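User: I'd like a close look at one helix in this protein. Could you walk me through how the ends are finished off and how much of the helix is covered?

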Amino acid sequence: MHYSLPPMLNPIIRMNSAIYSWSISKFLVLCGTGLLALFLSVSVIIAYKIASTSLNSAYSRNAQMRAQAQAYEINQLLIAARQELQFIGSGSLTREEIFNHLSRKSLEDRNRYREIAFQGNTVDERFVFINIGSSVVSVPIEQALVGKPGIFPANDQFNEKPKEYVHVSDPVEVVYPAVPSQGGVNAIAVNVIRLTMPVFSEEKVYRGQLTLSIDLSRIRNILSLHASPQSPLFLFPQENESKKSFFFDAAGWLLFQSESEQESINELSVDELRIGLRGDVGRPGFSTAFRPDSANELYWTVVSEVQKGKSGQVLSDRSFARSSANERQLYFSFVPIVFQETPGSQRVIGGIGCFDTSFMFMASTYQVAWTLSLAFLVSLLLFFIAMFYLSMRICKPLHTLAEAIDVRVSGDDPSPLDFPPIFSEISRFQQSLNILLLQLQIARNDTILREGLYENDWMGQNINLEKEIANSQDLDPQLLTTSLYGIVGAGQAVSTLRQQIQKASRVLADVLIIGETGTGKELAAEAVHAVSHRANGPFISINCGALDENLLMDALFGHVKGAFSEALTDRQGAFVAASGGTLHLDEIANASPKVQQALLRALSVRRIRPLGSDKEIAFDARIIAATNIDLLQLALAGKFREDLYYRLAVITIVMPPLRHRKEDIIVLVKHFLEENVSLSGQPFVGISRGALEKMTNYDWPGNIRELKNCITRSLAFADGELLSASHILFDKRVGETIEPIEQAVRHAVSNGVTSQKEVDVPTVPGVAIVEKSAEHVGDWFGELNDRQRKAWPVIVQNGGITRIEYQAAAGESISIRTAQYDLQSLMTMGLLSKTGRGPSSRYLVAQGTVI
């Protein structure tokens, strides 16, 4: 018995109390944690300021380094082109030699350059080659002359220049209208920077000028590489936005921008940079160039610095004149591109600008803030836990005392409280509590004694079954007063069953009854017959699982005299014998395929042909089939004819198991007790509340049949006129049937088990379990008929059997042919093997079979 106590201690945290009344635990936890939170907050803010400043400096240097790295690679490309130009100029400047030189270079090296041209002192010494990627083609001189801007400058422009002089042009866009290439004549447009140098003979006589152009796409690819995750200076994955680099000439014209990897094959453009800007589009020699107007002060300041050959960085929250999409500060780095035409003489070709539009700095500061916040929270949590643990240790004696009181109040521990060492105040409090607990224990023992006596008396009382049935809210009184051919019960499940029987009896359609073993399927079939207009006709029941195939065919369809050796007279089959009445086919699922085929034809045409006869006989019998297996599932699995199932299941009646209609247990108990009086002639034996409650709480896997057997067994062991709970004995053994084994195997097969070692089969004395191959698991239980099941323990015990021994073990006075059929069936299933011939034949348990 449980007793609840009023609260003896205040909670640790009660914010509505004054500070001077706080407990030690509350003071330590709240004040200590608050002070630590204040100290940590100041520390986190200072650390964040220092970290963000350091990150800002680091990312600024990284952005400037990225811009300088791009400028360095572009300068290296220009230097490599200068060296290539000088190398070519030092050799033989014939058309064939230059063509062979370009063809020998690798595709990667050759594609750096787009044009190479030589203009000698005479007209015949002029030629132009253009690289189209896959090959190098010659440009007709007339096409080279009309290409704008022309690749052949005036000779007097270079004949006065020193030998080391290399002229670099502005970036230009060149179009050759008609160049023979790829099997046709095509227009070719290139964007290049041209390097031109004078060529002198060994005698220092001016021979002409040699031009080599660099593909601007290569420079664009350098910018794109450094703006991508493949950049050598890449730090870590960025957010949605990325870095953006661009190239502009010395006059401030934007020529092209970096592109993504997918857009790297596109033409040069500055479309993204132009969004939201005003200015001029297209300069002579470069139609896609764009120059922002003077309102873009930031841009022109950068151009001015580049023209002076200076590099730098600007931190701005605006990209040129338009606001950033996220209104955050951007690192705008710029570096000039300088080319040394002669030793001591440099020319600014243009410059590159780099906007770091990623969230790198912002993400890093957020990461720092998140890390510091997490450290703050973790430290605060750990300190809170430490303070809480310290307060609990301080207050541990009180908590221990309270727990001990709860144990003694709610349990049966009569021992006094004794928890030394404790404070003197708590020790005196403990002594007073021991006195109260002793008085409480005395009162509780007295109460438990009285309640136990009352409960024993209550559970042992003889229950008035009629009164309990009448007072039950789950039973229909009208069903108690009207019987339906022995169907006992008044619950909702029985009400539904009776309605199904009444409806089925009004029509002539065939009926399929489905239900577990012991639910009363045959009784339901007889009820359908009894309330139908065929009640005056015969009711014939055939158990399809009790007969072998030939005997079942003979029992159903009959035979004529002389049909076989033992057919001495005509035999009327069950179909004909049941004409005008009802034919009940029990265990229809056990019918062989041959029997199923014959049943299907008989039900389809309502005519049968007896064995040995060539005439068909019409029959007028209603068919009621019964099974404890789901025929539809068997049909879908290919183990039962689907068409026969739909012939039988015109009307389906489902028998509810007893565990689903426990409200009827009291009615069934009363019925079986009264039935015992009429059968045995003994006086009525009552039942106690405890016994009825025990039976109600049981699940009854054997259903009504098991309930009846249980009552019969209890009556046999009862000594007086009352069944008590001790008299109710449930049969935990499998008994004399193999049904639980069948149910275990069927359940395993339905769950996909492929080895019998995985089947949880109950152990049955005298019954052997045989392990077979995977394709037969579960099937052989269903294939064994009642005779085989009955004889199997004898076969296992003796290690084998003869035909005569099998006839004796199977019983039922079976014929020789039936015994031979059963033994042959066991051999086909792999359970037995045959030795000997004739009368000396013996059937042994197959080798390799695990018993």
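Analyst: Here is a look at helix α15, followed by some wider context. This is a predicted model, where local features need pLDDT of at least 70, side-chain atom pairs count only at pLDDT 80 or more, and totals for chains, interfaces and linings use all residues. Residues are numbered from 1 along each chain as its sequence is written, and side-chain values use heavy atoms, with hydrogens and water left out.

α15 covers residues 549–557, and seven of its nine residues are buried, so the rest of the structure largely encloses it. Buried here means under 20% relative accessible area, with a 1.4 Å probe and protein chains only. The buried set is Glu 549, Leu 552, Met 553, Asp 554, Ala 555, Leu 556 and Phe 557. Helices are DSSP runs of H or I, at least four residues, numbered from the N terminus; strands are runs of E, at least two.

Now the ends. At the N-terminal end, Asp 548 acts as the cap, with a side-chain oxygen 3.1 Å from the backbone nitrogen of Asn 550. On the other side, α15 is followed by Gly 558, which has a positive phi, near 75 degrees.

For context, the protein chain has 27 helices and 30 strands. Of its 851 residues, 43% are buried. Taking contacts (heavy atoms within 4.5 Å) between residues at least 6 apart in sequence, 65% join residues at least 24 apart.

Note on methods: Buried < 20%, exposed > 50% of the residue type's maximum accessible area, 1.4 Å probe, protein only. Polar contact = N/O pair within 3.5 Å; in protein donor to acceptor, adjacent residues only side chain to side chain.
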